[in-house]
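User: Could you take me through the reading of sheets, helix packing and aromatic contacts, giving the general idea each time and then the case at hand?

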Amino acid sequence: MKITVGLLFGGRSVENEISVVTALQTLESMDKERYEIVPIYIAKSGKWYSGEKLLAVSNYKDMQTLLAQTPQVYMRPIYGDHNLYLVKKSLFGKDVLAKLDVVLPTLHGTNCEDGTLQGVLTSTGVPFVGCNTLASANGMDKITMKMILKECGIPVVDYFWFNDKEWYADRDAVIVRLENRLAYPVIVKPANSGSSVGIKAAHNREELIEAVDEAASFTTRVIVERLVTRLKEVNCSVMGDYNDCETSVCEVPMRSGEILSYQDKYMRGGGGKNAGTKGAKMGGTKGGGLSGESEGMRSTLREIPAKLQEGETERIQTLAKETFKALSCDGLSRIDFIIDEEDRNIYVNEINTIPGSLSSYLWEYSGKKFPEVIDRLIELAFARSREESFKITDFGGNIFAAMPSGGAKISK
């Protein structure tokens, strides 16, 4: 019997398109003899769709036509109901499109990677790949993540945070508090964005105001960090669960400016060579279907394995595991680090609990092919589901049965 996998992607997120690329890369590498794959696309409107037309990246050029030709679907938030239902069924047809054995989310960003979707899946009881609701939420929110890591003794750069209402109500007061805490230059980020969306460096008050205004357009909470001017960015992936996990090789993504931008991640390289970057290697999809600017994180120009000073690779891999465990992660994540080249201090920058391309390129260089990674992630999903089934959720009693026949009265 094949395992029926709901491949979930898209989402109400600015990273919707990147999610499509990750999903199609994943689909290409899945063992079709082992898995029955059901594509489930969440449009930017929030509606769910499923159908074969979702499997061709060229169809996404005309989104209106694609969705008009694709059936809408939904899941019921009823524990134990793992069915995917059709919104509209034929007169004498069934309303169940598929019964899902496991869900493989390949979504990125807000409303997708931040625990929102994970809560929906948890309510049905269907096994799913990746972090649970709590770990997803803590990993997505840069403020909460840094608070947890700092409490656990894991190094993060100095930061200051505030919400959008504070900013709009008394901007000058926020700036004074910020400048008392941090010196310029700084880097301004939406607390819960990904793919470098809404992130800007600021070297003075004027640039700070412009950067915060942009960041606040994406989120209700803004984080401002000390900008490490002489930095090397290093990424490392972790796979496993909160108790037992392993790390990949490290990479150094190539950036065109002070920060690794959205364009650096997704719009450069295109699967080809860059003669001006010595020692950099490119990821690439196998089996066709995606090319150039459609390759997502695989098309990022990178140095892999990272060429670091003695002991730094081991230190980063150790911190990656500690971060994964401190946040109670599951499945696969990518942890991004900063090395300050002034003093060689290493800091955790952020964690991506559903990284672009599922960090498949890192695991390929670590000796694990993408199909093996997918198999392992699905195994972990089933294992967690089994473990959770043994936890007590019902004491077996009924407190109402012990109440007097007149019923309980609530005092004011």
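Analyst: What follows goes from the sheets to the helices and then to the aromatic rings.

Analyst: This is a predicted model, in which local features need pLDDT of at least 70 and side-chain atom pairs count only at pLDDT 80 or more, while totals for chains, interfaces and linings use all residues. Residues are numbered from 1 along each chain as its sequence is written, and side-chain values use heavy atoms, with hydrogens and water left out.

User: In what order do the strands of the seven-strand sheet run, and what kind of pairing do they show?

Analyst: Strands of a sheet pair through backbone hydrogen bonds, in either a parallel or an antiparallel sense. Strands here are DSSP runs of E with at least two residues, helices are runs of H or I with at least four, and both are numbered from the N terminus; two strands pair if DSSP finds at least two bridges between them. The open sheet of seven strands has the order S6-S5-S4-S3-S2-S1-S7, and its pairing is mixed. S6 and strand S7 (102-105) stand at the edges with a single partner strand each, so one side of each is left without a neighbour in the sheet. The parallel sense appears between strand S1 (residues 3-10) and S7, which pair over four bridges, and Leu7 has Leu104 in S7 as its bridge partner. The antiparallel sense appears between S5 and strand S6 (residues 96-99), joined by three bridges, with Asn83 opposite Lys99 in S6, and also between S4 and S5, which pair over two bridges.

User: Which residues of S5 lie on one side and which on the other, and are they buried or exposed?

Analyst: In a regular strand the side chains alternate between the two faces of the sheet. Asn83 and Tyr85 lie on one side of S5 and Leu84 and Leu86 on the other, and all are buried, so that both faces are covered; buried means under 20% relative accessible area, exposed over 50% and partly exposed in between, with a 1.4 Å probe and protein chains only.

User: Which helices pack on this sheet, and at what angles?

Analyst: Angles run from 0 to 180 degrees between N-to-C directions, with axes as lines fitted to C-alpha atoms, for helices over the stretch in contact, and contact means heavy atoms within 4.5 Å. Helix H1 (residues 16-29) lies across S1, strand S2 (35-42) and S7, running at about 155° to S1. Helix H3 (residues 116-124) touches S1, S2, strand S3 (48-49) and S7, and its direction makes about 175° with that of S7.

User: How is the four-strand sheet arranged?

Analyst: Its four strands form an open sheet in the order S8-S11-S9-S10, with antiparallel pairing. Strand S8 (159-163) and strand S10 (200-202) are at the edges, each with a single partner strand, so one side of each is left without a neighbour in the sheet. From one strand to the next the twist averages 25°. Helix H5 (residues 142-151) packs on this sheet, touching S8, S9 and strand S11 (221-226), and its direction makes about 50° with that of S11, while helix H7 (residues 171-181) lies across S8 and S11 and runs at about 165° to S8.

User: How do H7 and H8 cross?

Analyst: Two packed helices are described by the angle between their axes and the distance between the axes. The axes of H7 and helix H8 (residues 205-216) come within 12 Å and cross at roughly 115°. Arg171, Ile175, Leu178 and Glu179 of H7 make the contact with Arg205, Leu208 and Ile209 of H8.

User: How many aromatic pairs are there, and which are stacked?

Analyst: Rings of Phe, Tyr and Trp (its six-membered ring) pair if their centres lie within 6.5 Å, and planes under 30 degrees apart count as stacked, over 60 as edge-to-face and the rest as tilted. By this rule there are five aromatic pairs. Among them, Tyr74 and Tyr85 are stacked at 5.5 Å centre to centre with 25° between the planes, and this pair links strand S4 (residues 72-74) to strand S5 (residues 83-86), eleven residues apart. Tyr74 is partly exposed at 30% relative accessible area, whereas Tyr85 is buried at 5%. Phe162 and Trp167 form another stacked pair, 5.7 Å centre to centre with 25° between the planes; Phe162 is buried at 0% and Trp167 is buried at 2%.
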